[in-house]
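Visitor: Hi, I've got a chain to look at and a few quick things to ask. Can you walk me through it?
Guide: Sure, let's bring it up and go from there.

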Amino acid sequence: MIIPMANILTGEELELIVDSLQEAEFVDGKLTAGWYAQKVKNNTQLKNDAHQTQELRDVVSAALKRSSLFQIAARPKAMRPIIFSRYQEGMYYGTHVDNAIMGKEKLMRSDLSFTLFLSDPTTYTGGELVIESTQGEQAFKLEAGSLILYPSTTLHRVEPVTAGERLAAISWIQSLIRETGDREILFDLDTVCNSLSQQSSTTTEFDLLSKSIANLLRKWAEV
Ligand code: NI
């Protein structure tokens, strides 16, 4: 499933992040790419030890935690430190697949990738995130503050930015539910369950659905 999520950040959070990034020091994105991706990666990213980095990571992490849509779509077990990337005119990230295993001392498997768009899409040209699937290619250029969650198993790229500047926050998640199909079943059931829970009184159907979700989680979750 490729899931766009609108308004992950509030206007205040977005402003704080973008303002802070204007002052920040960026370094060559090749420093954190795997050997294969290095060949096609041409962008910059916020320096890992810049004084702004931790605060900005915390703002994004808190926004992801409070989004129930993100939580039921990703079911995160672990997440890599968030990277703030910047593409200026002429920069791009060619077709690649993300590393399957990430981290140095503490390893994790990447199941899901996300891009949180930070720049107003009318302020830059190009810079679409293009994801390849069996149905063909899909291009995404979302509103600032909106996020796209997609399987790390895909080939994807960022089209060259031909004018303006594209800022984004990206990271990778190891999900409690390894299989995409299983995650989708739980996502659909949870969506129905949430909708039923809006109704005034609980019903036997709601109870049985809740029980099934809990038992499927017991069956599939890697904790
Ligand atoms: Ni990637």
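Visitor: Starting with Asn7: is it buried or exposed?
Guide: Keep in mind that this is a predicted model. Asn7 is exposed, because its relative accessible area is 62%, against a cut-off of over 50% for that label.

Visitor: Where is Asn7 placed?
Guide: Asn7 is in the loop between E1 and H1. Its phi is near 50°, a positive value in a residue other than glycine.

Visitor: And Arg75, what's its phi?
Guide: Near 45°, so to speak another positive value in a residue that isn't glycine. Arg75 is in the loop between H4 and strand E5, which covers 76-79.

Visitor: Is Arg75 buried or exposed?
Guide: Buried, because its relative accessibility is 10% and buried means under 20%.

Visitor: OK, on to the metal. Which residues are the protein donors of the nickel ion?
Guide: His96 and His156, each through NE2, plus Asp98 through OD. They lie 2.0 to 2.1 Å from the nickel ion.

Visitor: How are those donor residues spaced in sequence?
Guide: The pattern is H-x1-D-x57-H. In other words, one residue sits between His96 and Asp98, and 57 come before the final His.

Visitor: What about His96, buried or exposed?
Guide: His96 is buried, at a relative accessible area of 3%. Asp98 counts as buried too, with 11% relative accessibility.

Visitor: Let's do sheets. What's the strand order in the open sheet of five?
Guide: E3-E7-E15-E12-E13, and the pairing is antiparallel. The edge strands are E3 (41-42) and E13 (136-140), each pairing on one side only.

Visitor: How many bridges join E3 to E7?
Guide: Two, and the strands run antiparallel, with E7 covering residues 92-96. Asn42 stands opposite Tyr92 in E7. His96, a nickel donor, falls within the residue range of E7.

Visitor: And at the other edge, over how many bridges do E12 and E13 pair?
Guide: Five, in the antiparallel sense, with E12 spanning residues 129-133. A hairpin joins E12 to E13 through two residues. Glu132 has Glu137 in E13 as its bridge partner.

Visitor: Which strand does E12 join through three bridges?
Guide: That's E15, residues 156-158, again antiparallel. His156, another of the nickel donors, is in the residue range of E15.

Visitor: What are the bridge partners of Val130 in E15 and E13?
Guide: In E15 the partner is Arg157, and in E13 it's Ala139.

Visitor: Switching to the inside: which residues touch the most other members of the largest nonpolar core?
Guide: Phe84 and Leu118, in a core of 33 residues. Elements that give two or more residues to this core include helix H1 (11-22), helix H3 (53-66), helix H4 (68-74) and strand E17 (166-175). H3 gives the most, with five residues.

Visitor: How many residues are in the other core?
Guide: There are 15 in that one, which lies apart from the largest core. Among them are Ala33, Met91, Tyr124 and Ile131. As a general point, nonpolar side chains tend to be buried together in soluble globular proteins.

Visitor: Zooming out, how many helices and strands does the chain have?
Guide: Six helices and 17 strands. The chain is as compact as a globular protein of its length, because its radius of gyration is 18 Å, close to the 17 Å that the globule rule gives for 223 residues.

Visitor: What box do the C-alpha atoms fill?
Guide: Roughly 60 × 35 × 35 Å, taken along the principal axes.

Visitor: What share of the residues counts as buried?
Guide: 47% of the 223 residues. The chain exposes about 11,600 Å², and carbon and sulfur atoms supply 52% of that area.

Visitor: Last one, on contacts: of those between residues at least 6 apart in sequence, what share joins residues at least 24 apart?
Guide: That comes to 78%.

Key: Residues numbered from 1 in each chain as written. Predicted model: local features only at pLDDT ≥ 70, side-chain atom pairs only at ≥ 80, totals over all residues. Heavy atoms only, no water. Donors = N, O, S within 2.8 Å, 3.2 Å for Na, K, Ca; no water. Buried < 20%, exposed > 50% of the residue type's maximum accessible area, 1.4 Å probe, protein only. Pairing = 2+ DSSP bridges. Helix = DSSP H or I, 4+ residues; strand = E, 2+ residues; numbered from the N terminus. Rg over C-alpha atoms; globule rule 2.2 N^0.38 Å. Contact = heavy atoms within 4.5 Å. Areas by Shrake-Rupley, 256 points an atom, 1.4 Å probe, with all protein chains shown as cover. Core = buried A, V, L, I, M, F, W, Y, C linked by side-chain atoms within 4.5 Å.
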